[in-house]
Amino acid sequence: MSERSEAARSKRHAAAGGVDRLGALPDELLLDVLSFLPSPYAHLLQQDRVPIAKASPHCTISLKRLHIAQSRFLDEDVRPRISAPSLIFLLIVDCKGRVPFLESVPLLVEAFVRLQNCADSCKNGYEVGDCGDESCWGCSNCKYGESICVALQGLSSCTNLELTAETAAFIFRKDLMRCPVFSKLKTLLLNEWCITDNIGALICFLQHSPVLEKLALQFYDPEVHENLVVMKAGYDLWKQPLVLKDLTVEVKFHEGDERIHKVVDALASYGLPSEKIMIKQYPKIEAQFDDTWSSGSFSFEQKI
């Protein structure tokens, strides 16, 4: 950004008294404004980190870049819908409420989705939710539907994709039960949400990514890892064999994490040569909770 444009932006911000006037708009008016936002300003919206703090149950926006971070969707009893068919870049980070239903995004190239403290979580740790406990708000009010794919279908045109989530967040695993084909996906980063008892979720994702070139896996500290209640989820696994000889895998883990052996053995059983697996251990640090949510692997990663 030039010095002149930066000065102009600072002047406008000072004139506004530093008040978030966009977020103060009524919901309907805010969405009307966003729906008319042309592509250049959509890029500015992401670049300047203007928060989209509100969203209606059905939000249709003509954008090329959409950045939603640390926001709350208004009604946690209703799953919001995002329709933005012109998107080429999507970032959704740590938003409270239900994970949005993503309608078809055929032009999408890069996406970064991080789920932390989202409503689609099972307090009892069931693999794909549906724990049957009425006191578990995440499962009892999920409103997932019988034949829909909430997030992964809308992300299926990506070339570069990062999906990280707390273990208790079940929505990605539930989507894998009716998984779309990621026909263009070249680079993929996942964390431990995909490490189920039989590695079925991970294998399902790989089966549906036929041109994948690089896979990065990140393991959270095993001392604070939440174990899943295994339900033998019916992941959409194909009958034809999975061949991984052309895939490059990078695994990051903490010292003492035994799960890495299960993953490496599973990948090797599908023909992945050991020289194609790069294993990296996180450096020892004094802080108990380091930022293992950040990716640090792909060039398109967004720093939050």
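**Exercise 1. Confidence first**

Over which residues does pLDDT stay under 50 while the model has 5 contacts beyond four places in sequence?

*Solution.* Start with the predictor's own confidence, as this is a predicted model. The stretch is residues 5-16, where pLDDT stays under 50 and the model has 5 contacts beyond four places in sequence. Residues 38-58 also have a pLDDT below 50, yet this stretch has 45 contacts in the model beyond near neighbours in sequence. Where pLDDT is low, the predicted coordinates should not be read in detail. For the protein as a whole, the mean pLDDT is 75, with 66% of residues at 70 or more.

**Exercise 2. The overall picture**

Work out how many helices and strands the protein has, and what share of its residues is buried.

*Solution.* Begin with secondary structure: there are 7 helices and 11 strands. Next comes burial, and here 49% of the 304 residues are buried. Then turn to the contacts between residues at least 6 apart in sequence: 71% of them join residues at least 24 apart.

**Exercise 3. Helix 6**

Explain why helix 6 can be called largely enclosed, and say what covers its buried residues.

*Solution.* Go through the helix residue by residue: G200, A201, L202, I203, C204, F205, L206 and Q207 are buried. That makes 8 of the 8 residues, so helix 6 is largely enclosed by the rest of the structure. Now look at the surroundings. The cover over these buried residues includes strand 7 (160-165), strand 8, strand 9 (214-218) and helix 7 (259-269).

**Exercise 4. An aromatic pair**

Classify the ring pair of F172 and W193, then place both residues in the fold.

*Solution.* A pair of aromatic rings is described by the distance of the centres and the angle of the planes. For F172 and W193, the centres are 5.1 Å apart and the planes make an angle of 55 degrees. Stacked would need under 30 degrees and edge-to-face over 60, so this pair is tilted. The structure has 2 aromatic pairs by this rule.

For the placement, F172 belongs to helix 5 (residues 171-175), while W193 is in the loop between strand 8 (187-191) and helix 6 (200-207). The pair therefore ties together parts that are 21 residues apart in sequence. Both ends are tucked away: F172 is buried at 1% relative accessible area, and W193 is buried at 0%.

There's another ring to look at too: the charged end of R65 sits over the ring of F89, 4.6 Å from its centre.

**Exercise 5. Salt bridges**

Take three salt bridges, D130 with K174, K280 with E250 and D246 with K245, and describe each one by distance and accessibility.

*Solution.* The whole structure has 9 salt bridges.

- *D130 and K174.* Their side chains meet at 2.6 Å, N to O. D130 is in the loop between strand 6 (110-115) and helix 4 (137-140), K174 is in helix 5, and the two are 44 residues apart. D130 is exposed at 52%, whereas K174 is buried at 8%.
- *K280 and E250.* Here the closest N and O atoms are 3.5 Å apart. K280 is in strand 11 (residues 277-281) and E250 in strand 10 (residues 248-253), so the bridge ties together parts 30 residues apart in sequence. K280 is partly exposed at 36%, and E250 is buried at 10%. Elsewhere, R79, R98 and D120 are joined into one network by salt bridges that share partners.
- *D246 and K245.* The closest N and O atoms are 3.6 Å apart. D246 is exposed at 58%; K245, at 48%, is partly exposed.

**Exercise 6. Two serines**

Say where S83 and S121 sit, and find a partner for each side chain.

*Solution.* Take S83 to begin with. This residue is in strand 3 (residues 81-83) and is buried at 12% relative accessibility. The side chain of S83 makes a polar contact with the side chain of E103 at 3.3 Å.

Now S121, in the loop between strand 6 and helix 4. S121 has a relative accessible area of 15%; buried means under 20%, so S121 counts as buried. The side chain of S121 reaches the backbone oxygen of C118 at 3.2 Å. Leaving out residues up to four places away in sequence, S121 touches C136, G138, C139, A168, A169 and F170.

Conventions. Residues numbered from 1 in each chain as written. Predicted model: local features only at pLDDT ≥ 70, side-chain atom pairs only at ≥ 80, totals over all residues. Heavy atoms only, no water. pLDDT = per-residue confidence, 0-100. Contact = heavy atoms within 4.5 Å. Phe/Tyr/Trp six-rings, centres within 6.5 Å; stacked < 30°, edge-to-face > 60°. Helix = DSSP H or I, 4+ residues; strand = E, 2+ residues; numbered from the N terminus. Buried < 20%, exposed > 50% of the residue type's maximum accessible area, 1.4 Å probe, protein only. Lys NZ or Arg CZ within 6 Å of the ring centre and 35° of its normal. Polar contact = N/O pair within 3.5 Å; in protein donor to acceptor, adjacent residues only side chain to side chain. Salt bridge = Lys/Arg side-chain N within 4 Å of Asp/Glu carboxyl O.
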